[in-house]
Amino acid sequence: MYSEKVMDHFSAPRNVGEIENADGVGEVGNAVCGDIMKIFLKIENGVIVDVKFKTFGCGAAIATSSMATEMIKGKKIEEALELTNKAVVEALDGLPPAKIHCSVLAEEAVKSAIADYYDKNGIEHNINIGCDCNCEGCHKHDH
């Protein structure tokens, strides 16, 4: 059902925790399944030098949070904004269709944290934190 990578990131998640005085914080949730993700960013010279997360949810939610943080750590903000739920799913060697919404939450949490960073620093942006994944059954299209 789950790939080895999903099981690895679920059983030994990377970057768990909180960053005090984070430069950007993003929190998103899915009312249907109850998953909540919160991502904390430390940014220096436009680069994400540290990232932590706290996730309340299923194994797939924890695994996608872990993988997403690994994928953006050390990247420029602009590169992190290009993160897609599809890239997270591919990096985990796939997810069951009923769990795709977890990867959407991970993408949205990253974008929400970057939007928060931009807002705190008076930087204009047009970051879209809505779901456009077109995945069947993700129940995330209610916003």
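Which residues have the most contacts inside the largest nonpolar core? In this predicted model, they are M37, I39, L41, I48, I72, V110 and I114, within a core of 35 residues. The close-up views below begin with the sheet and return to this core after the helices.

**View 1. The open sheet is built from 3 strands in the order β1-β2-β3.** The pairing between the strands is antiparallel. Because β1 (24–29) and β3 (47–56) each have a single partner strand, they stand at the edges, and one side of each is left without a neighbour in the sheet. From one strand to the next, the twist averages 15°.

**View 2. Strand β2 (residues 36–44) and strand β3 are joined by 9 bridges and form a hairpin.** The two strands pair in the antiparallel sense, and 2 residues lie between them in the hairpin. In the turn, N45 has a positive phi of about 50°. Along the paired strands, I39 stands opposite F53 of β3, while F40 has K52 of β3 as its bridge partner. In a regular strand, the side chains alternate between the two faces of the sheet.

**View 3. Helices α2 and α5 both pack against strands of the sheet.** Helix α2 (residues 59–72) lies across β2 and β3 and runs at about 175° to β3. Helix α5 (residues 100–120) touches β1 and β2, and its direction makes about 145° with that of β1.

**View 4. The largest nonpolar core has 35 residues and draws on both strands and helices.** At least two residues of this core come from each of β2, β3, α2, α3 (77–81), α4 (85–91) and α5. Helix α5 gives the most, with 11 residues.

**View 5. M37, one of the core residues with the most contacts, has a set of partners that lie beyond four places in sequence.** These contacts of M37 include G26, E27 and V28, together with K54 and T55. Also in contact with M37 are A61, T64 and S65, as well as C102, L105, A106 and A109.

**View 6. Y117 and Y118 form an aromatic pair that is tilted.** A search of the whole structure finds 1 aromatic pair, and in this pair of Y117 and Y118 the rings are 5.9 Å apart centre to centre, with 45° between the planes. Y117 counts as buried because its relative accessibility is 14%, under the cut-off of 20%. Y118, at 10% relative accessibility, likewise counts as buried.

Terms used:
Residues are numbered from 1 along each chain as its sequence is written. This is a predicted model: local features need pLDDT of at least 70, side-chain atom pairs count only at pLDDT 80 or more; totals for chains, interfaces and linings use all residues. Side-chain values use heavy atoms; hydrogens and water are left out. Two strands pair if DSSP finds at least two bridges between them. Helices (H or I, at least four residues) and strands (E, at least two) are DSSP runs, numbered from the N terminus. Axes are lines fitted to C-alpha atoms, for helices over the stretch in contact, and angles run from 0 to 180 degrees between N-to-C directions. Contact means heavy atoms within 4.5 Å. Rings of Phe, Tyr and Trp (its six-membered ring) pair if their centres lie within 6.5 Å; planes under 30 degrees apart count as stacked, over 60 as edge-to-face and the rest as tilted. Buried means under 20% relative accessible area, exposed over 50%, partly exposed in between (1.4 Å probe, protein chains only). A nonpolar core is a set of buried Ala, Val, Leu, Ile, Met, Phe, Trp, Tyr and Cys residues joined through side-chain atoms within 4.5 Å.
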